[in-house]
Amino acid sequence: MRAFELLTVLVFLATAYAAPHGGGIQRLPRRASLLTSFEWSSTGPLLGPKSDSHNILGIKDPSIVQVDGTYHVFASTAKADGYNLVYLSFTDFNRASSAPFHYLDQTPVGTGYRAAPQVFYFEPDKLWYLVYQNGNAAYSTNPDISDPSGWSAPTNFFDVTPSIVTQNIGEGSWVDMWTICDTSNCYLFSSDDNGHLYRSQTSVDSFPEGMDNTAIALEDSDPYALYEASNVYNTGDGQYLLIVEAIGSGGQRYFRSWTTTSLTGEWSPLADTEENSFASSNNVHFNGTAWTESISHGEMVRTQVDQTMTISPCNMRYLYQGVDPSATGDYNSMPWKLALLTQTNSVC
C-alpha cells in the first residue's frame, strides 16, 4: 500500500472512531487531569423515605454502580432507633423515586446496626462485595447484584477494633469503611469522627482476609475538618483522588480533597478548604432555591465497577445526601434525602 493510501485509511478510521452514532465528527478528548477548583449543579431530591412499614426517617450514605444501563444503589436507612440498609435499581435518575425498596434486614445481611455501604465487583473472585459498618468493618458477597436476597451474612474484616483506632478515636466513632485495590494490595480506609483517616491493607490474593497494618493515613488537629465519609478513587492517570467530609463553620457538611500517586503515599491538598472545597454550598448550584446547605456522604458514578474504584475526571457525577436546612433535632432522625451532583466546569 502506498503512503498516500495508508494515510487515507488512517484518517478514515480516526474519523469513524471519533464520530458517535448519529452525530458529526468530534475530536477525541485528551487524557484529562483533575482541576484545582470545582463547580457543580445539583438536582432536587431524587430519593427519600417511603411511607411503609419500615417507618424510616432518612435515606443516607449511598453507594452506586451502573451495570448494562441500570443503576444499582445501596444506602443506609435511618431512624431514631438505628440504621440498616436498602437496595434499589433504576435506569433513569428521573425515575429513581418510583424504584421499589428492598430492605436488606430481610435478607441474610440481617437485622441490627448496618450502615454506610460500599458496593463493588471484586474481579478475582467474580463476586460483588458490599462493605459496611456494623460496629466493626463488615462485608457480604453476592454473585448477582440485582438479587437482594443473594447477599451473604456479615463477616467482619477484624477480630477486634485495631489498636491504633482505639488509641486515637477519643469521643468519636469508628465509621465509613471504603475499599480500593491496586495491582498488588487492597486497602480499607476508615474514619473516626476525631480528625483521623485510617488505612488498613491486605494483598489482592488474600482479600478479604488478612486485613492488617492499620495506620493513620491523614490527620487534622480539628476533628471537624477531617470528619468522615471518605472516598478514594483511581482517576485513571496514575493518580488517586481522596475526598473526606468536613463540618463547616456554619454546621453544614462539605467535602475536602487531596491527591496522591500511591495509596500508601502522602496526600497532597487539592481543593481542601471551606472557601475552595471539592463540593459545598459555595460551589454547588441549584435550579431555584437550594434544597440543602449540606453536601454530605455519597459516591461517584464510576467508569469501572471493580475493586480499582476507577472514575474519569471528565464530567463527574456524585450521588450525595442532603437535608432541609430548617430540619432540627436528633441527627439520626433528620429527613436526609439523595440527590445528584454533575460537574459543570470540566476541562474535557
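Here is a short walk through one sheet and two pockets of this structure.

The model is predicted, so to speak: local features need pLDDT of at least 70, side-chain atom pairs count only at pLDDT 80 or more, and totals for chains, interfaces and linings use all residues. Residues are numbered from 1 along each chain as its sequence is written, and side-chain values use heavy atoms, with hydrogens and water left out.

Let's start with the sheet. Four strands (DSSP runs of E, at least two residues, numbered from the N terminus) form an open, antiparallel sheet in the order 14-15-16-17; strands pair if DSSP finds at least two bridges between them. Strand 14 and strand 17 (268–269) are the edges, each pairing on one side only. Even so, seven of the seven residues of strand 14 (residues 228–234) are buried (under 20% relative accessible area, 1.4 Å probe, protein chains only), so strand 14 is largely enclosed by the rest of the structure.

Five bridges join strand 14 to strand 15 (residues 240–247), and Glu228 stands opposite Glu245. Five residues lie between these two strands of the hairpin, and Gly236 in the turn has a positive phi of about 80°. Strand 15 is joined to strand 16 (residues 253–260) by eight bridges, with Ile247 opposite Arg253.

Both Glu228 and Arg253 also turn up in pockets (open sets of points on a 1 Å grid over the protein atoms alone, with protein on both sides within 12 Å along at least five of seven lines; lining residues have an atom within 4 Å of a point). The largest pocket has a volume (space filled by probe spheres set on the points, which are joined across faces, edges and corners) of about 270 Å³. Glu228 is among the lining residues closest to its centre, as are Lys60 and Tyr331. The second largest pocket holds about 200 Å³, and Arg253 lines it alongside residues including Gly251 and Trp336.

Key. Buried < 20%, exposed > 50% of the residue type's maximum accessible area, 1.4 Å probe, protein only. 1 Å grid on protein atoms, 1.4 Å probe; cavity = no way out; pocket = protein on both sides within 12 Å on 5 of 7 lines; lining within 4 Å.
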